[in-house]
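This report covers the nonpolar cores, one residue in its surroundings, and the relation between the two chains.

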Protein chains: 2
Amino acid sequence: MPPRPSEPRYGSRPTMKDVAAHAGVGLKTVSRVVNAEAGVTPETERRVQASIDTLGFRRNDSARVLRKGRTASIGLVLEDLADPFYGPLNRAVEEVARAHGALLINGSSAEDPDRERELALALCARRVEGLVVIPAGDDHRYLEPEIRAGMATVFVDRPAGLIDADVVLSDSFGGARDGVAHLIAHGHSRIGFIGDHPRIHTATERLRGYREAMARAGLPVHDAWVAPGSTAPGRVAGAAEAMLAGSEPVTALFAGNNRVTVTLVRVLADRVPPVALVGFDDFELADLLRPAVTVVAQDAAALGRVATERLFDRLAGARPAPERIVLPTRLIARGSGELPPHP
Amino acid sequence: MPPRPSEPRYGSRPTMKDVAAHAGVGLKTVSRVVNAEAGVTPETERRVQASIDTLGFRRNDSARVLRKGRTASIGLVLEDLADPFYGPLNRAVEEVARAHGALLINGSSAEDPDRERELALALCARRVEGLVVIPAGDDHRYLEPEIRAGMATVFVDRPAGLIDADVVLSDSFGGARDGVAHLIAHGHSRIGFIGDHPRIHTATERLRGYREAMARAGLPVHDAWVAPGSTAPGRVAGAAEAMLAGSEPVTALFAGNNRVTVTLVRVLADRVPPVALVGFDDFELADLLRPAVTVVAQDAAALGRVATERLFDRLAGARPAPERIVLPTRLIARGSGELPPHP
DNA sequence: CTGAAAGCGCTTACAG
DNA sequence: CTGAAAGCGCTTACAG
C-alpha cells in the first residue's frame with residue numbers, strides 16, 4: 001500500500017517537495033531558500049520560509065551528501081574516549097574541523113586492532129573526507145583502497161603500520177632520554193624503567209631513550225631494571241617492588257606513560273627512603289602530590305591540532321610526500337625527579 | 001563535458017554499477033553480495049567479490065541511508081570533550097550504541113547554547129535517529145519539530161529547558177545535602193559553599209542541598225558563606241580567601257563540582273590550621289593527596305548508560321511519558337572531610 | 001538464482 | 001526570478 005501523498009515518508013519528515021507543494025512554488029525555489037542562494041524575491045522567500053516553519057522542515061543531509069559528493073565531515077579513531085590524555089587531543093581535532101566547517105565523527109577502538117579497522121571502515125563507508133587515526137593495530141593496509149580513492153589520512157601518537165602515511169608524534173625517544181638524564185644529573189645510577197607493551201611504538205621508543213641516556217652517562221643497565229609490559233596496576237606494582245628489593249635496588253624509576261606513573265605514585269607513597277620518579281606524560285594534580293611529580297610532558301592538544309591541519313591541507317589539494325612530524329616534549333621538574341639517591 | 005564511463009565520479013570511487021559491469025552481472029546481484037543476502041550461487045559470489053576487491057569498492061552509506069531511511073547512528077552533544085568527567089560518560093554512550101549496532105557521532109558545545117543548538121541541528125540534518133544531550137542552554141524548543149518527527153531525545157546531567165523530555169540526573173540535591181551533613185557530623189558549623197553559576201541546574205540543586213543540611217542541623221547560613229559563580233580558578237580562590245578571612249571564618253568548605261574542588265585543594269594546601277573540604281564529583285588521584293579528598297561521587301558512566309538505554313528503548317518503539325531518572329550519589333570519606341574544626 | 005525499473009531527497013545543469 | 005528534468009548510489013518491490 002503506497003502511502004498517501006498527505007503522509008510524507010521517512011520517519012514522517014517533510015521533504016522539500018512537501019514544502020514546495022505547501023508554498024505553491026517549485027522544488028528549486030525551496031532549495032534556493034534553504035541554501036540562502038540569490039535569486040528569490042523577498043515575497044517568495046517569506047512564503048517558502050513560512051512553509052518551512054509550519055511543516056518543521058529540516059534539510060536531509062544524506063541526500064545532499066549523495067548528490068554533492070562531499071560530506072563535510074572527518075573521522076577520528078581514538079584509543080579510549082575515557083582516557084584523559086585523549087580529551088584535549090579530541091577537542092583540538094574538533095576545533096580544527098569546526099574551523100573548516102566540518103563535523104567530527106569519532107569513536108574508540110578500545111586498543112583492539114579489529115575494532116579499529118571496523119570503526120575506520122565504517123567511517124569510510126559514511127564517506128568522511130579524512131581520517132585521523134590513533135592506531136591500535138600495526139597493519140593499516142586495509143586503508144589502502146580508501147587512500148587511493150582520495151581519503152586523506154593522518155596518524156597520531158603512533159605510526160601507521162605497513163603503509164606510507166603522515167604521522168604526528170611526540171618525541172618519545174628524546175623525551176625519555178632527557179627524563180632519565182635528569183635523574184642521572186641528580187646523582188642516580190641505578191634507574192628502573194617500567195613501560196608499556198613493547199608492541200606499542202611509543203613504548204619501544206621510550207625504552208630506547210632510557211638506554212641512550214644510560215649509555216651516554218656510561219652507566220650499565222641490568223636486565224632486572226627494565227620491565228616493559230602491561231600497564232595493569234598489579235603488573236606495574238609487582239615490577240616496581242622487584243626492582244626496589246634485591247641486592248642492588250634501584251634508587252629511581254622512570255615511568256613509560258601516565259598510567260604507569262599513577263600506579264608508581266601509589267606504590268612509592270610514604271616509602272622510606274624515598275625513591276625518585278620521573279614519568280612520561282603530564283597529568284592533572286601532579287603538582288599537588290607530595291613530592292610533586294616531575295614529568296616529561298607532551299602537548300596532546302598540539303598533536304591533534306597539527307595532525308588535523310595536515311589533514312585539511314591535504315583535503316585542500318596539497319600532495320606532499322607522507323611525512324613524520326615529531327613534536328618536542330618538555331621536562332617539568334616538580335620534586336619527585338630531584339630527590340637524591342638513597343643507597 | 002560528461003565524465004567518460006571509465007572514470008567513476010564521486011572522488012573517483014567505484015560504485016556498485018562499476019562492480020556490476022566489471023563482474024558482468026546485474027546491479028542487484030552486487031547488492032546481494034555486498035549485503036550478504038541469500039540467493040547467489042557461490043560461483044557468482046566469487047566473481048563479484050573478486051571485482052569488489054580489484055576495484056576497491058566500498059558501499060556508500062549515504063546512498064544506503066537515503067534509500068532505507070535509517071542511519072543507524074545516534075548523536076551525543078556534550079559540554080566539553082576535554083573534561084575528564086565526560087570521558088566515561090562518552091564511552092558508556094558509545095558502548096551502548098555499539099551494542100545496538102549504531103555509530104556514535106559526537107561533539108562539544110563548549111558551554112555555548114548557540115553552539116549546542118547548531119551542533120544538535122547538524123546532527124538532526126544528518127538524520128541521527130536519537131540524540132543524547134548534555135545541555136548547555138536552557139531553551140530546547142528548537143528540538144520540538146525534530147522530536148515530533150520521531151527523533152528520540154534524552155537529556156543527561158541537566159534537565160531540558162521548556163520542553164518535555166527524558167532526563168537522567170545525579171542526585172545533586174541529596175548528594176550535596178549528605179556531603180554537608182558529613183561535615184556537620186564532624187563538628188563543623190561554619191561551612192562555606194562555593195559552586196558553579198546559578199543558571200546551571202546542578203549548581204542550584206547542590207546549593208539547595210547545602211541549605212537543607214544546614215537547616216536540618218539548625219545552623220544559620222551567612223550570606224558571606226555562599227559563593228556561586230564562575231568556576232575560574234581566580235574567582236574560586238578569591239571566594240575561598242574571603243570566607244577564610246574575616247571575623248567569623250568558615251572551618252570547612254563544600255565544593256560544588258570537580259573544577260572547584262581542584263582549585264580549593266590548591267588554595268588549602270599546607271594551610272594552618274587545616275580547613276576541612278568535601279567536593280562534589282570524584283576525581284583521579286583524590287586518594288593520593290594529603291589529606292586525601294572526601295567527595296560526593298556520581299557515576300558518570302551510569303548516567304551515559306542509563307540515558308542511552310532509554311534512548312534505544314524509545315527507538316524500539318516504547319512510548320512512555322517523559323521521565324526524570326535520578327541516580328544516587330555516594331559519599332567517599334578519605335580524610336579532608338573528616339578534619340575537625342579549628343576555631 | 002538473477003536483474004530491470006522505480007525511487008529515497010536532494011543538487012546540478014539548463015531552459016524559460 | 002523561477003522551475004522541470006536528470007542524476008547522485010544505493011535498496012525495494014517485482015518479474016522472469
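A residue is buried if 20 or more other C-beta atoms lie within 10 Å of its own. The model discussed here is predicted. A:Leu183 counts as buried because 28 C-beta neighbours lie inside 10 Å. In chain A, helix H8 (residues 172-185) holds A:Leu183. Measured by neither sequence nor space is A:Gly234 adjacent to it: A:Leu183 and A:Gly234 are 51 residues apart in sequence, and their C-alpha atoms are 25 Å apart.

The table sets out contacts of two residues, leaving aside neighbours within four places in sequence.

| Residue | Contacts |
|---|---|
| A:Leu131 | A:Ile74, A:Gly75, A:Val77, A:Ala120, A:Leu123, A:Met151, A:Thr153 |
| A:Leu183 | A:His188, A:Ile191, A:Ala252, A:Phe254, A:Ala276, A:Val278, A:Gly337 |

In soluble globular proteins, nonpolar side chains tend to be buried together. The largest nonpolar core here comprises 83 residues. A:Leu131, A:Val132, B:Leu131 and B:Val132 have the most contacts inside that core. Another core, of 82 residues, lies apart from it and includes A:Leu207, B:Ala240, B:Leu253 and B:Ala276.

How are the two chains related? A turn of 180° and a shift of 0.1 Å along the axis lay chain A on chain B with an RMSD of 0.1 Å. The two copies are therefore related as by a two-fold rotation axis. In chain A, A:Ile105 has the C-alpha nearest the axis, 2.4 Å from it. The copies meet through the same surface, because 100% of the interface residues of chain A are also interface residues in chain B.

Key. Residues are numbered from 1 along each chain as its sequence is written. Chains are lettered from A and ligands numbered from 1 in the order in which they are written. This is a predicted model: local features need pLDDT of at least 70, side-chain atom pairs count only at pLDDT 80 or more; totals for chains, interfaces and linings use all residues. A nonpolar core is a set of buried Ala, Val, Leu, Ile, Met, Phe, Trp, Tyr and Cys residues joined through C-beta atoms within 7 Å. A residue is buried if 20 or more other C-beta atoms lie within 10 Å of its own, exposed if 12 or fewer, and partly exposed in between; C-beta atoms are placed from the backbone. Two residues are in contact if their C-beta atoms, placed from the backbone, lie within 7 Å. Helices (H or I, at least four residues) and strands (E, at least two) are DSSP runs, numbered from the N terminus. Copies are superposed by least squares on the C-alpha atoms of residues with pLDDT of at least 70 in both.
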